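Colleague: Could you take one part of this model and go through it closely, with the cut-offs stated as you use them? I would like a single connected account rather than a list.

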Amino acid sequence: MYNWHSETMERFKDVSNDTLCYVIQDCKRAMAAMPENPKCGQYADEIHYAGMELRKRGARYNPPAL
């Protein structure tokens with residue numbers, strides 16, 4: 001059975017801190033650009049899960065410079 005939430009949390013265990021920070025920044029930008037998008041809830045979940053993984057590692061959100 002497909003469980004996007006569990007699979008996303010599991011996938012985030014294998015990515016770098018920089019990638020997690022990029023995911024957070026990208027999701028925030030997508031939500032700001034189109035707040036009426038039905039995927040905003042999913043973007044919010046991704047922000048949460050990426051942040052949880054960073055905290056678990058003892059790391060902090062450090063937005064990448066673009």
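Modeller: What follows is a close look at helix α3 and the two helices that pack against it.

This is a predicted model, in which local features need pLDDT of at least 70 and side-chain atom pairs count only at pLDDT 80 or more, while totals for chains, interfaces and linings use all residues. Residues are numbered from 1 along each chain as its sequence is written, and side-chain values use heavy atoms, with hydrogens and water left out.

Helices here are DSSP runs of H or I with at least four residues, strands are runs of E with at least two, and both are numbered from the N terminus. The expected span of a helix is 1.5 Å times one less than its number of residues. For the 18 residues of α3 this gives 26 Å, and because the end C-alpha atoms are 26 Å apart, the two values agree. After α3 comes G58, which has a positive phi near 80°.

Buried is used for a relative accessible area under 20%, exposed for over 50%, and partly exposed for values in between, with a 1.4 Å probe and protein chains only. On that scale the buried residues of α3 are C40, Y43, E46, I47, Y49, A50, G51, E53 and L54. They pack against α1 and α2, where contact means heavy atoms within 4.5 Å.

The partner to consider first is α2, which covers residues 17-33. Its 17 residues reach 24 Å from the first C-alpha to the last, close to the 24 Å expected at 1.5 Å a residue. Within α2, the buried residues are L20, C21, V23, I24, Q25 and C27, and their cover includes α1 (4-12) as well as α3 (40-57).

For the geometry of the pair, axes are lines fitted to C-alpha atoms, for helices over the stretch in contact, and angles run from 0 to 180 degrees between N-to-C directions. The axes of α2 and α3 come within 9 Å and cross at roughly 155°. Angles under 35 degrees count as roughly parallel, over 145 as roughly antiparallel, 65 to 115 as roughly perpendicular, and the rest as oblique; α2 and α3 are therefore roughly antiparallel to each other. A crossing is left-handed if the near helix is turned anticlockwise from the far one by less than a right angle, and right-handed if clockwise, and α2 passes α3 in a left-handed crossing.

On the α2 side the contact is made by N17, L20, C21, V23, I24, C27, K28, A30 and M31, which meet C40, Y43, A44, E46, I47, A50, G51, E53, L54 and R57 of α3. By class this contact has 13 nonpolar, 2 polar and 4 charged residues, where Ala, Val, Leu, Ile, Met, Phe, Trp, Tyr, Cys and Pro count as nonpolar, Asp, Glu, Lys and Arg as charged, and the others, Gly among them, as polar.

Two residues of this contact can be followed individually. N17 of α2 is partly exposed, with a relative accessible area of 32%, and, leaving aside neighbours within four places in sequence, N17 is in contact with L54, R57 and A59. R57 of α3 counts as partly exposed at 31% relative accessibility, and, not counting residues up to four places away in sequence, R57 touches F12, K13, D14, V15, S16, N17 and L20. The C-alpha atoms of R57 and K13 are separated by 9.5 Å, although their positions lie 44 residues apart along the chain when counted as a sequence separation.

The second partner is α1, whose axis comes within 10 Å of that of α3 and crosses it at roughly 40°. That angle makes α1 oblique to α3, and the crossing is right-handed. W4, H5, T8, M9 and F12 of α1 make the contact with Q42, D45, E46, Y49, A50, M52, E53 and R57 of α3, and by class it has 6 nonpolar, 3 polar and 4 charged residues.

Y49 of α3 illustrates this second contact, being buried with a relative accessible area of 11%. Leaving aside neighbours within four places in sequence, Y49 is in contact with W4, H5, T8, M9 and F12.
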